[in-house]
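Reader: Hi! Could you walk me through a few local features of this one?
Author: Happy to, let's have a look together.

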Amino acid sequence: MRTEQPKVIHLKDYQAPEYLIDETHLTFELHEDRTLVHAQLVMRRNPQQPAGKLPPLELHGQELELISLALDDRELGLGDYQVSADTLTLQPTAERFVIDSSVVIHPERNTALEGLYKSGKMFCTQCEAEGFRKITYYLDRPDVMSTFTTTVSADKQRYPILLSNGNPLASGEEDDGRHWATWEDPFRKPAYLFALVAGDLWCVEDSFTTLSGREVALRIYVEPENIDKCQHAMDSLKRSMKWDEEVYGREYDLDIFMIVAVNDFNMGAMENKGLNIFNSSAVLARAETATDAAHQRVEAIVAHEYFHNWSGNRVTCRDWFQLSLKEGFTVFRDAGFSADMNSPTVKRIEDVAYLRTYQFAEDAGPMAHSVRPESFIEISNFYTLTVYEKGAEVVRMIQTLLGKDGFRKGSDLYFERHDGQAVTVDDFVKAMEDANGADLSQFKRWYSQAGTPRLAVSEEYDAAAQTYRLTFRQSCPPTPGQPSKQPFVIPVELGLLAADGSDLPLRLEGEAAAQGRSRVLAVTEAEQSFTFVDVAERPLPSLLRGFSAPVKLEFAYDRDQLMFLMQHDSDGFNRWEAGQQLSVQVLGELVGQHQRGEALAMDERLLAALRTLLGNESLDAAMVAEMLSLPSEAYLTELAEVADVDAIHAAREFARRRIAEALFEPLWQRYQANRAVSRATPYVATAEHFARRALQNIALSYLMLSEKAEVLEACLEQFDQADNMTERLTALAVLVNSPFAAERDQALAAFAEHFKDNPLVMDQWFSVQAGSPLPGGLERVRHLMNHPAFTLKNPNKVRALIGAFANQNLVNFHRADGSGYRFLADQVITLNAMNPQIASRLLAPLTRWRKYDAARQALMKHELERILASGELSSDVYEVVSKSLA
Ligand code: B3K
Ligand code: ZN
């Protein structure tokens, strides 16, 4: 809790540590009402600091009850050290020394889920970023790296399994029913990678033989009732290990790799060395209880955390401003993995849709910050879409500019050069430069300048000279603290389409010959032109293929051109993108009609394009499903200058109904064909079947809008008979949004009865109801908060119900009377005292108040002010609220 003025931490103030810790020896005595932590730190003065008088040693520590403290075996008395709310200071007397401390902590009361805490019956930890200081006094900063030996002792019956990082060293029994285990992690690591688990856990075991022939034991620990839901995560882990060897040449280094699933977790998962701790939602998956999306999420998160073993753990961050060094790079790595395991184009479409909807919104809002932020109050607030997703885009652009081979040379050099070190984004870029003889100095502005650049493109065709000129103008809107920006390096991959839809050869003025039919141009200036020669006919440009840079592209395509690109572009991503742009234009027109009070009438060309798509059975079903999905209300909100929530919803619903009406026959046919396959084949979690079910399910969601009896019957059949959650949940969701009240209530009740003991499935049940745009959404959510399966103490529940309501149910959340805002603020105020990280994340929708009309703006601001005045705020909530009001 904030007791004094919050301190702002600046990157420019970074200073290397005065002291280092070579060895850390920890002992935990776990009890029901307290935990005793003894820490022995073998320390020395940092040799890189100037010699001379020894400076005081300031250790971090929060909420610790100090029992004893010794310096080189000498017990220290009250006058020998000073303790504040978050530090302990003492004066070393020699260059090398040993500190012994004992503290008491209370994991059983820890609701913030940071440090050591209890999730249900088990003990677990979450230390990143600064949670280790809630466990013991320490130099809790990532540039202090130490080996760790950890002994855990606990009651044997309640906690038969005792885990920590590294390899198991010894274990034994005590005579009072307790037992202990010692683990040793030989790899030096920062404290944020420390982990401990104690519980009654079962595990699934497997093994992996590394490139060099070493055998690694793999274990996934879960509570006994979940032992049947681990196979998919285990398979994903083995695929990740293999992929990292093949694609990055990275081998695993310890003898054992463990994953533990816990129910109460603030985010997805955590890459602790050798002992990853996961939100159970990111591990458990089997057909009956997890959707295809959940299966893919498990695969991606298992891979992400595993990949951190190199990008994060072996090579870590010097300070938290460098967070994207590990996160942006690792998201980029896991995206490459998922693309290779599934459909690369679909993966790219999903990532870009997510980035443009949510990261672009963040980059345009009051919390906008660069990929490497300059300052923060609370680092937990900077695990953002910008650091993660935009950070991954920045790494992707480096690969686009250097080529795949050049990028691999750069990553090899980076890992070799910095193995065992805590480094910066500059070191990463330098390795890329050095391995390729490249100059990325201007490119590095992507790390320091916030905001989404706009890239306006115009064309000029000279038929007589057979030249075609593209002119690019880049600009970037101001963001907090950055009124003006320098030009970025923007890699633009492009092609030029001939009238028959083929890609023309691309020869730039001054080049001896054409260089391919799709190529990357680097736009480096505020305004820059490129002239292509030998262009025999007026081409249609396909720009920013694969979304080669995170920018807002502006080119004045007309709708016929977009339809042409939708059909012919050789780049799958841009075929989808053309469809999205066409839909955005058509929906924009409908929004205008709604605002003017006119009858809605839709451009039928969109229907024709979708009909062609549905008729083509040779197209990848996943692509067809993506192309049938209209841009989300959240994305349309992001695009709007002032978002008219009701008009956007009305326009999109109107378009969906028109599509359902006009394309009923082909949708019905595709639905039935795919449902028949589902009925005849048991569930398999492969890309091919994900694709088929995606198409089947989007078809069903359109078909239900027809309100026809045969569709309702099909929907109920799918709900009752499906052997998997993907089909069952879609059927439930479309029922929930339908006017068939009796069937809906019956299905909801049957589902809850069947799955009441599975918290992850109940999360889905909460979410489909929270997201329903039917009137009365807030009342439904309030009512559901009283359901026995709901609790504010569990972050997954908060996200499933309150998060889904505020982020996905825009018409209900933004109700003109402000009741949605008031409700969210109330939850934030309650959660602020319980779990500041979750409270602060939940706030995000209110921070976007500038997007809405004056009346809503006032209501939203009022709620932010009410939070600010509500009493003692955590630094997490304080930072977000105060910055959004600034
Ligand atoms: N590194 C963790 C995130 C920790 C967040 C702490 N507030 C998960 C990940 O990105 O892999
Ligand atoms: Zn990560």
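Reader: Where is Asp534 placed?
Author: Asp534 sits in the loop between strand 30 (527-533) and strand 31 (540-542). Bear in mind that this is a predicted model.

Reader: Thanks. And what is phi of Asp534 near?
Author: Phi of Asp534 is near 60 degrees, which is a positive value in a residue other than glycine. Glu707 is another non-glycine residue with a positive phi, of about 60 degrees.

Reader: OK, where is the place of Glu707?
Author: Glu707 is found in the loop between helix 15 (687-703) and helix 16 (709-721).

Reader: How is Glu707 classed for exposure, and why?
Author: Glu707 has a relative accessible area of 41%. Buried needs under 20% and exposed over 50%, so Glu707 counts as partly exposed.

Reader: Switching to peptide bonds: which residues does a cis peptide bond join?
Author: Glu128 and Ala129 are joined by one, with omega about 0 degrees. Ala129 belongs to the loop between strand 11 (122-126) and strand 12 (146-155).

Reader: Now helices. At what angle do helix 10 and helix 11 pack?
Author: Helix 10 (residues 604-615) and helix 11 (residues 621-628) pack at about 165 degrees, and their axes are 10 Å apart. An angle over 145 degrees counts as roughly antiparallel, so that is how helix 10 and helix 11 run relative to each other.

Reader: Is that crossing left-handed or right-handed?
Author: Helix 10 and helix 11 have a left-handed crossing. On the helix 10 side the contact is made by Leu610, Leu613 and Leu614, and on the helix 11 side by Val624, Met627 and Leu628.

Reader: How do the residues of that contact divide into nonpolar, polar and charged?
Author: For the contact of helix 10 with helix 11, the split is 6 nonpolar, no polar and no charged.

Reader: Last topic, helix 19. Is it largely enclosed or not, and why?
Author: Helix 19 is largely enclosed by the rest of the structure, because 9 of its 12 residues are buried. Among the buried ones are Leu760, Trp765 and Phe766, along with Asp763 and Gln769.

Reader: What do the buried residues of helix 19 pack against?
Author: They pack against helix 17 (725-736), helix 18 (741-755), helix 20 (777-784) and helix 21 (795-808).

Reader: And what should the 12 residues of helix 19 span?
Author: At 1.5 Å a residue, helix 19 (residues 759-770) should span 16 Å. The C-alpha atoms at its ends are 16 Å apart, which agrees.

Terms used
Residues numbered from 1 in each chain as written. Chains lettered and ligands numbered in written order. Predicted model: local features only at pLDDT ≥ 70, side-chain atom pairs only at ≥ 80, totals over all residues. Heavy atoms only, no water. Axes fitted to C-alpha atoms, helices over the stretch in contact; angles between N-to-C directions. Helix = DSSP H or I, 4+ residues; strand = E, 2+ residues; numbered from the N terminus. Parallel < 35°, antiparallel > 145°, perpendicular 65-115°, else oblique. Left-handed = near helix turned anticlockwise from the far one by under 90°. Contact = heavy atoms within 4.5 Å. Nonpolar A, V, L, I, M, F, W, Y, C, P; charged D, E, K, R; others polar. Expected span 1.5 Å × (residues − 1). Buried < 20%, exposed > 50% of the residue type's maximum accessible area, 1.4 Å probe, protein only.
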